[in-house]
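Reader: I should like to understand how the terms used for a protein structure are justified. May I put some questions to you about the example shown here?

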Amino acid sequence: MLRDVGPPLFDEATIHRRLGEMAAQITSDYHGQALTVLAVMNGALLFAADLLRRVTLPLQLECLRAASYHGATESSGTVEFPDGFWPELRGRHVLVVDDILDTGLTLHALSRRIRHASPASVATCVLLRKSKPRTVEVEATYVGFEIQDQFVVGYGLDFRGHYRHLPFIATLRQEVLTTSR
Ligand code: XMP
């Protein structure tokens, strides 16, 4: 399996160091307030678990699913929230935690849906942001790392359900991407 991936773009120590910085920033920005975190599954599972353990605020954690990919590496252009369940967000400070900002469709759809629920505030936090034009106008409030427009796996990110458990982030070798399609 490790033969399928390139050298780490971000190794475990680098990720954890950055999470410490992000958590400190979030803790300071929301000082004196309570947070409601919406973690987007499955991609943000590892990121949210490691980030939130470093945030020293009163905090509620909810997980929800969002699906925008069709095929393994291309966005379908529409975002669905298949669980049908939404936590109570009225008057809450909501922080969306997602793995990666790519086309922007997921964060855009989520932020719009959340605003309908009359929260006190909405902010977004992603581990990775691809340097590319977005399909829709959306920005992330907190960003771990900027990357080029390339398909990456590991630390929650998958290719056909694989590689999520890798403790680092890496590109997939081209042979794997092309032979598995
Ligand atoms: P956007 O911003 O396009 O991204 O709505 C939504 C979701 O697409 C997935 N995504 C990736 N998954 N490697 C992955 O494993 C990638 O390079 C990648 N780019 C986008 C991801 O689940 C994100 O939340």
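Reader: Which strands make up the open sheet, and what is their order?

Author: In this predicted model, the open sheet has five strands in the order β2-β1-β5-β6-β7, and their pairing is parallel. Strands β2 (59-65) and β7 (142-147) stand at the edges: each has a single partner strand, so one side of each lacks a neighbour in the sheet. On average, neighbouring strands here are turned by 20° against each other, direction ignored.

Reader: How do you know that β1 and β2 pair?

Author: Two strands pair if at least two bridges are found between them. Strand β1 (residues 35-41) and β2 have seven bridges in the parallel sense, so the criterion of at least two is met. Within this pairing, Val40 stands opposite Leu64 in β2.

Reader: Which helices lie across or pack on these strands?

Author: Helix α2 (residues 45-52) lies across β1, β2, β5 (93-101) and β6 (121-130), and runs at about 115° to β6. Helix α3 (residues 105-115) packs on the sheet and touches β1, β2, β5 and β6, its direction making about 165° with that of β5.

Reader: What makes the radius of gyration of the protein chain agree with that of a compact globule?

Author: For 181 residues, a compact globule would have a radius of gyration near 16 Å; the protein chain has 16 Å, and therefore the two agree. The C-alpha trace spans about 50 × 35 × 25 Å along its principal axes.

Reader: What share of the residues counts as buried?

Author: Buried means under 20% relative accessible area, and 48% of the 181 residues count as buried.

Technical notes. Residues are numbered from 1 along each chain as its sequence is written. This is a predicted model: local features need pLDDT of at least 70, side-chain atom pairs count only at pLDDT 80 or more; totals for chains, interfaces and linings use all residues. Side-chain values use heavy atoms; hydrogens and water are left out. Helices (H or I, at least four residues) and strands (E, at least two) are DSSP runs, numbered from the N terminus. Axes are lines fitted to C-alpha atoms, for helices over the stretch in contact, and angles run from 0 to 180 degrees between N-to-C directions. Contact means heavy atoms within 4.5 Å. The radius of gyration is taken over C-alpha atoms; the globule rule is 2.2 Å times the number of residues to the power 0.38. Buried means under 20% relative accessible area, exposed over 50%, partly exposed in between (1.4 Å probe, protein chains only).
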